[in-house]
Each structure stands twice: as C-alpha cells, then as structure tokens.
Amino acid sequence: MTTDSKFAPRTLTASEYVRELFGPEENAAILVRNRSTGHTVQTIAKAETIANPDFQSWLAGQSASGYDVFVGMNPIKDGAFSRTKGDIKDIRHVYLDLDRKGHEALAAIRNSTELPPPNFVLDTSPGKHQVVWKVSGFSQDDAEALLHNLANKFDGDLAATDPTRVLRLPGFANHKLPEEFIVQARQQSDAVYTLRDFTIDEDSPEATRHFGEPQEGRRMVPGNHKSQSEHDWAYAKRALARGDDPEVVIRRIADHRAQDKHDPNYYARHTVTKAQAELKSSSSPQTHRSVAGEESSQDRGH
C-alpha cells in the first residue's frame, strides 16, 4: 500500500474524478444511456480529453437530454474501440455498487478489518453508494474473484463484478429516479492497494456470509460468473490439497450453505467426496465433471 499521510478528503468534480482514476494519456470509456429510449453511445478517449471543458460540456448536454453518464473503471488498450475483457489494459480499480441497504453496507465496509479504506465513495441516489479502491498488481482473475467476494460479503450488486464495468460519473443526474439526483463523489484516500491489503475470502466457507440479514431470494448473475456451488467446489479442492481434515471441510461448507440448501450436509459431503476423487486421480488425463456444474443446474430452482 502506498499513500500520502497528508491527504485531505475532498469532493470531486467529474473532471477531477477522471484525472484521479486515470493518467492523462490513458484511454477511458465513457458511456451515456437514455433510459427512456434505450439509446446508448460509448466513446473511448484519452482521460485528459474527457476531463477538458469541451467534452464535459457535451456530457452536460447529454445529461440535460435525459442521458445517464457512466465511466469505465479500468483503462483501455491503445487502438481498442470497445471495453471487452480483451480490451482492458490493466486492473486499476476494484469497486462495489451498494444498491441495497446502502448506508448499512457502507458503514460495514468502513468498520471492516478485512479490507482497506475506500479511495472514493459516490452517492448515486438517496441511500445508495458506489465504493472504489485504487489497486495495482491485480490480474483480471484476481479482480473478478475479489469483486464477487466483496459483493457477496457486503450485499453489493452481483452484476457489477467484472473488470469491464462502468459506474456513474459524478456531477451528472441519475435519471433512474423520479426526482433529479446529482451524483456526488468524495475522495477519502490517495492510497494504492495490493491484493494482500484485502484479506476477505468470502467465497470460502470459512468466511461469514453477508453483513446483514439473509437475502430472501437470489439475484441474477451474468452467465460468465462462477456460481456459489463452483466456489464451494474450488474451496473443497484447495482445502483438501493443503491437508485440511475432510470432515472439517464438510462442516464448513454445510454451515456456509445452511440457508440455501435443502440438505446442506448431503450437499457438502457430496462436494467433498467428488473433490477427493478428483484430487486422487489428478494424474489421469481424463477430466472429471465437477460437482459445481451439477449443483449449478439444481440451484436454478431455488
């Protein structure tokens, strides 16, 4: 972690926010979307171009015409014209979209010993926030795993857990609301964090699931994200490979899934038994079908 101990928290304009997120010559994605018509425009431009008055004036005009304004959270490669995973230059930020119990979730994040203080907190609507950390040394897999874990732990939006995500740009209206709400951003730190600064491992059954009350139903997650069953399967293999007692692993998984499995003990033992079989036959060229895939199809009805 690197930081300036003399940093004073401040409210940021859109231009200031963009300059904090990116270097002046880095490419960033700006997306504007009209919720009423569905019309969407994405622009890839240098951060300094986006921050300058002419571009900001164009964004203000779009906002006044009913468009929501978003910025991609990671820089885009030179020559790229979209923001697919292959277009991401490197991972610069991890983030949470707190769309449920936002104040409680934000307080839990600030009080947590498992993650560092956020760099930016955006107020996107009454009681809802977006939280952003500056990071370095992350792979895309590192980022996705952490984003998913953070969203699960602090009840964030599970759809906002990939490195191509766009979040709201401060200074512009959130048109999702019946009354105008101008998004605001506060910078609270200039630290740059590494993976070791985040000790949360929520996909592991060793961790507590969610900071608040259990959710009444599962939220939909894009198909490219791992299901919780896949996380359980991966955890079982990791734990067994490092020598953990299988009965302890079974108990952890059963406890972790007690709220959403009809028979968590059977599920946990089935997962661990399959993981043991795969580890024993790891020298075989045949690939075993994981229990995660089997359980994923069963989970669709829950």
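Q: How many strands form the open sheet, and in what order?
A: In this predicted model, 5 strands form an open sheet, and their order is 1-9-6-7-5. The pairing is antiparallel.

Q: Which strands stand at the edges?
A: Strand 1 (10-12) and strand 5 (93-98) stand there. Each has a single partner strand, so one side of each is left without a neighbour in the sheet.

Q: And what does the twist average from one strand to the next?
A: The twist averages 25 degrees from one strand to the next.

Q: Which helix packs on the sheet, touching strand 9?
A: Helix 4 (residues 102-111) packs on the sheet, and it touches strand 5, strand 6, strand 7 (128-134) and strand 9. The direction of helix 4 makes about 25 degrees with that of strand 7.

Q: What about helix 5, which strands does it lie across?
A: Helix 5 lies across strand 5 and strand 7. With respect to strand 5, helix 5 runs at about 25 degrees.

Q: Back to strand 7. How many of its residues are buried?
A: In strand 7, 6 of the 7 residues are buried, so this strand is largely enclosed by the rest of the structure.

Q: How many bridges join strand 7 to strand 5, and how many to strand 6?
A: Strand 5 and strand 7 are joined by 6 bridges, while strand 6 and strand 7 are joined by 5 bridges. Both pairs run antiparallel. Within the first pair, tyrosine 95 stands opposite valine 132 of strand 7.

Q: What sits between strand 6 and strand 7 in their hairpin?
A: The hairpin has 2 residues between the strands, and glycine 127 takes a positive phi near 80 degrees there.

Q: Which residues are the bridge partners of leucine 122?
A: In strand 7, the partner of leucine 122 is glutamine 130. In strand 9, the partner is alanine 185. Strand 6 (residues 120-125) and strand 9 (residues 184-187) pair in the antiparallel sense over 4 bridges.

Q: New topic: where is lysine 101, and what is its phi?
A: Lysine 101 is placed in the loop between strand 5 and helix 4. Its phi is near 50 degrees, a positive value in a residue other than glycine. Most residues other than glycine have a negative phi.

Q: Which other residue that is not a glycine has a positive phi, of about 60 degrees?
A: That residue is aspartate 155, which has a positive phi of about 60 degrees. Aspartate 155 lies in the loop between helix 5 and strand 8.

Q: Are those two residues buried or partly exposed?
A: Lysine 101 is partly exposed, because its relative accessible area is 35%. Aspartate 155 has a relative accessible area of 3%, so it is buried.

Q: What about threonine 164, where does it lie?
A: Threonine 164 lies in the loop between helix 5 (140-153) and strand 8 (166-168). Threonine 164 has a relative accessible area of 16%; the cut-off for buried is under 20%, so this residue is buried.

Q: And which residues does threonine 164 touch?
A: Leaving aside neighbours within four places in sequence, threonine 164 is in contact with Arg83, Thr84, Lys85, Ile88 and Tyr95. Its side chain is also joined to that of aspartate 162 by a polar contact of 2.4 Å.

Q: Finally, what is the mean pLDDT, and where does pLDDT stay under 50?
A: The mean pLDDT of the chain is 83, and 80% of its residues reach 70 or more. pLDDT stays under 50 over residues 206-225, for which the model has 47 contacts beyond four places in sequence. It also stays under 50 over residues 285-302, for which there are 23 such contacts.

Note on methods. Residues are numbered from 1 along each chain as its sequence is written. Side-chain values use heavy atoms; hydrogens and water are left out. Buried means under 20% relative accessible area, exposed over 50%, partly exposed in between (1.4 Å probe, protein chains only). A polar contact is a pair of N or O atoms within 3.5 Å; within protein, one must be able to donate a hydrogen and the other to accept it, and residues adjacent in sequence count only if both atoms are side-chain atoms. Contact means heavy atoms within 4.5 Å. Two strands pair if DSSP finds at least two bridges between them. Axes are lines fitted to C-alpha atoms, for helices over the stretch in contact, and angles run from 0 to 180 degrees between N-to-C directions. pLDDT is the predictor's confidence in each residue, from 0 to 100.
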